[in-house]
Amino acid sequence: MRTPLRPLARILHARQQGENPDTIERENLRLRHEAMRDKSRARAEFRLLVLGLAFFAAFTTIGARMGLLAATEPVEPRASAPGAEIIAQRADIVDRNGRILATNITTHALYANPKVMVDPKGVAQKLAEIFPDMKAKDLERRFTDGRSFLWVRKVLSPEQMQRVHEIGDPGLLFGPREMRLYPNGTLAAHVLGGTSFGAEGVHSAEVIGTAGIEKALDARLRDPAQGDKPLTLSLDLSVQATIEEVLYAGMTMLNAKGAAAILMDVRTGEIVALTSLPTFDPNDRPNPLVDKNAEPGDSPLFNRAVQGVYELGSTFKIFAVAQALELGLVAPETLVDANAPMQWGKHRIKEFEGKNYGPLLSVTDVIAKSSNVGTAHIALMIGPLRQQAFLKSLGFFEATPVELIEAPGARPLIPRKWPEIVTITTSYGHGMSASPLHLAAAYAAIGNGGVMVKPTLLKREGPTTGVRVMSEKTAHEAVIMLRRVVTEGTASLGEVPGYEVAGKTGTADKPMRTGGYYKDKVVNTFASVFPASNPQYVLIVTLDEPIDTSGSEPRRTAGWTAVPVAAEIIRRVAPIMGLRPKLEPVATDAVTAASN
Amino acid sequence: MTDMVYGSNPVRVTEPVLPRWWRTIDKWTLTSVFVLFGIGLLLGLAASVPLATRNGLEPFYYVQRQAFFGLIALVVMIAISMMSPPMVRRLGVLGFAVAMVALMLLPFIGTDFGKGAVRWFSFGFASVQPSEFLKPGFVIVTAWLIAASQEINSPPGKSISFAIALIVVAFLAMQPDFGQAALIVFAWGVIYFVGGAPMTLIGVVGGLVTAFGFVFYESSEHFARRIDGFLSPDVDPRTQLGYAANAIQEGGFFGVGVGEGQVKWSLPDAHTDFIIAVAAEEYGLILVLIILALYGLIVVRSLMRLVKERDPFTRLAGAGLACIFGVQAMINMGVAVRLLPAKGMTLPFVSYGGSSVIAAGITMGMLLALSRARPRGEISDIFKRGR
């Protein structure tokens, strides 16, 4: 029962006595306050004890857990079986036929424990003899400055290791290392990318991908559960090697700065070969360029086929024509205006070397002769919106989805605004830039009867079902036109007997860093599908700044540079891939005659 | 005669400051702090060398810095521990105001040092993390408000302090620094708990914290990754947790030997958040248990001393300070042994970090000041028992 703060009886009594009744209230308040404090203190005492106990329990738990952890053996055995813990951590990479592209070898790293070193000075001198890039003085200083651990060398060859053994100093120690090895050297370097050591310990070091597919699929390659399952790529080692050889020869002969080639299966999107020159050795990756002003293409690490975003020139013309066919605007034999030069606003559309194929040209001839004006008129029929939509469906507005770490960064350069003049220039491949791989994917759609495929570096089991971007009829007509380019058009050097090459040349001026275009620097491209009667593969060959000097004056058009290189590639790789040449009937007769 | 004419020299009714300080201070706690700081320097000799090497500094650069800041921290601690509880309260409230302004300014002039969270002010030679200094101030303010609310006709201190807590948490979550935010919520909860929270409310608050944690898990990538790392049953040996666990195992009971440890080369936070792993690897379980015992001693002993405390403010503030100090250490070590999800929390006095060590000095100074022995009027209890 609580005392009221102002008990009436006492107040009245106090008033009668002439005392201040407020003192009674204050006294009661004080008592009540005191009682409250006592109660809260008792409760707090208990709760503080609870807290104290909780902390005690928590610290004890942590201590116990520490004890348990400390009592268990480390997961990696320390010295009992060196090397046991680093068996095949990173999965191998093999080509479509199971041939090794990347594997691991066990090697050793050299480290030192100067504390137990007998003769630091002698050791430093002997090490400097074994490794000429190390200085005896430096080593000696590091051996004697009181530290008890230092890395001397990350990777040793067996010979070097033997010589270090022969020094025989107890302060020199070897740590097993799993090292990534690319037995084919520079072959498919840009696809594979490369690796480097991540976190390093004495007993092992992790190998992490730094570029290419090694980085893009790093998680898969490092996944311990799939460590024994090699990663099978769609590449064919023989084809890759042949293409690199031919392309290198072509590049050297034509004095080109660089070159790239992509060979892709039109139905599955599998990339059978992908190369970019100049190349590098992934076993000994060069350092990336540090100079910010340097063109990325100057580094051998630059993957022209995927990262090289170029204006691909006249190879784009087939897209405008195919779309016009698809929309029913033209038929292959429709005559279109090709009177050059064509005036559009203040722009003047010219043909190559100021030629004039006009006044009228059939659509097939627009492609075969590579008429800018004819294509421009066809593009104007289509209009900017439909043109954009079609190029988008061919994948020209997105980075390619290929499994390379460099791919997402190589976004096509698309004009920000799309007035009709852009429609015109884009139709013949100027003003818009894309990588050769984009072109390969789009040409694959034409080659396979109108279905987009996803370019991939991984082996696929069967054809993929992509989005249909044009009818089979349109695709077929487009291929026939491309075939005409080779038989009687700009790519006449591209004919390979028996393999019915069909393709389109493209010569684009190189844009200057400062804006505008170079007069005498071009990127030449030949995009082809073969064999024309039933296309199986698409081959893109791109040469950077080539010059054909075999004639009386230097020639820089794709017909003289990229086309013969592509033809030589097809001539050599088609048989490797098991394509039967379509022999002329005469040849059959000859065989019969001979057997008789 | 002179005395009779001029009056005698005034007699000092109080003891001199230092002897009284020495008599009333909790010497166990004080000693523990000094030992912890010593251990911190010892571990820094091993753990901070890789960082110095990486940054191209002389090997013991960070040890020297830590010794410098540590000495400041210890001086600050002793100075504060000489204060009376009202002085501590004034200091705490002022400190809280300053730290709060600093915290609010962070989004505008703070820096993230490329770590993805804006938590620091950079002054070139040193950087300051305001949230470290906010914690002791926040505890004092909360304890003051809640203690005041226990008077009759008092202001609604509980609601006000809760509102302050929410504001602080909002600013911390913005950085984002969920660890410190959780610590603030925890501090408020502890003070409220000791200050007489109804049990039902404690349950509700616990539920809310869990719910918020869940929401953050869903919405914040940074946060979710750390929790996932904790929940996954087998630890990936390449994560910080993996390295830490491995280091403790390598260390065993007596360690691999001074300077022989490897974990410090692999862990980016070996000198701060995972310094206990370095301790475990190089000096073994022994040193870890000593460190644990020291923290346990400080926290439990301070709490036990506060049990006898009669002044509500002193009791609440002391409990809050002891608990945030203890819980930081607990979380830090709990993470290393994977009892708790990975959360960047420094080990007070041991981890490297100027802000951290000075803030710990302030916290401990206040705690020591509040837990000093003083007349408490226990005699009245004896009288009351008779009633």
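Both faces of strand β8(A) are covered: G258(A), A260(A), I262(A) and M264(A) point one way, A259(A), A261(A), L263(A) and D265(A) point the other, and all are buried. That fits the tally for the strand, which spans residues 258–265 of chain A and has 8 of its 8 residues buried. Keep in mind that this is a predicted model, with an ipTM of 0.86 and a pTM of 0.54.

**Who sits beside β8(A)**
- Strand β18(A), residues 537–544, pairs with β8(A) in the antiparallel sense, over 8 bridges.
- If you want a spot to look at in that pairing, try A259(A), which stands opposite L543(A) of β18(A).
- β8(A) is also joined to strand β9(A), residues 271–277, by 6 bridges, and these two run antiparallel as well.
- Here L263(A) has A273(A) of β9(A) as its bridge partner.
- β8(A) and β9(A) form a hairpin with 5 residues between the strands, and G269(A) takes a positive phi near 80° in that hairpin.

**Helix α3(A)**
- Helix α3(A) covers residues 120–130 of chain A, and its buried residues are V123(A), A124(A), K126(A) and L127(A).
- Yes, a lysine is on that list: K126(A) counts as buried.
- The buried residues of α3(A) pack against two helices, α4 (136–144) and α5 (158–167), and two strands, β3 (150–156) and β4 (172–181), of chain A.

**The two chains overall**
- Chain A has 18 helices and 18 strands, while chain B comes to 17 helices and 2 strands.
- Of the 596 residues in chain A, 44% are buried; for chain B, with 387 residues, the figure is 48%.
- Take the contacts between residues at least 6 apart in sequence: 69% of those in chain A join residues at least 24 apart, and in chain B 70% do.
- Chain B has an average pLDDT of 82, and 87% of its residues score at least 70.
- Where pLDDT is low, don't read the predicted coordinates in detail.

**Where the chains meet**
- On the chain B side 45 residues are in contact with chain A, and on the chain A side 33 residues take part.
- Helices α9 (178–194), α12 (240–251), α14 (275–307) and α15 (312–336) of chain B each supply at least two residues of the side that touches chain A.
- The largest share of that side comes from α14(B), with 14 residues.
- Sorted by class, the side of chain B that touches chain A has 27 nonpolar, 13 polar and 5 charged residues.

Technical notes. Residues are numbered from 1 along each chain as its sequence is written. Chains are lettered from A and ligands numbered from 1 in the order in which they are written. This is a predicted model: local features need pLDDT of at least 70, side-chain atom pairs count only at pLDDT 80 or more; totals for chains, interfaces and linings use all residues. A residue is buried if 20 or more other C-beta atoms lie within 10 Å of its own, exposed if 12 or fewer, and partly exposed in between; C-beta atoms are placed from the backbone. Helices (H or I, at least four residues) and strands (E, at least two) are DSSP runs, numbered from the N terminus. Two residues are in contact if their C-beta atoms, placed from the backbone, lie within 7 Å. Ala, Val, Leu, Ile, Met, Phe, Trp, Tyr, Cys and Pro count as nonpolar, Asp, Glu, Lys and Arg as charged, and the others, Gly among them, as polar. pLDDT is the predictor's confidence in each residue, from 0 to 100. Two strands pair if DSSP finds at least two bridges between them.
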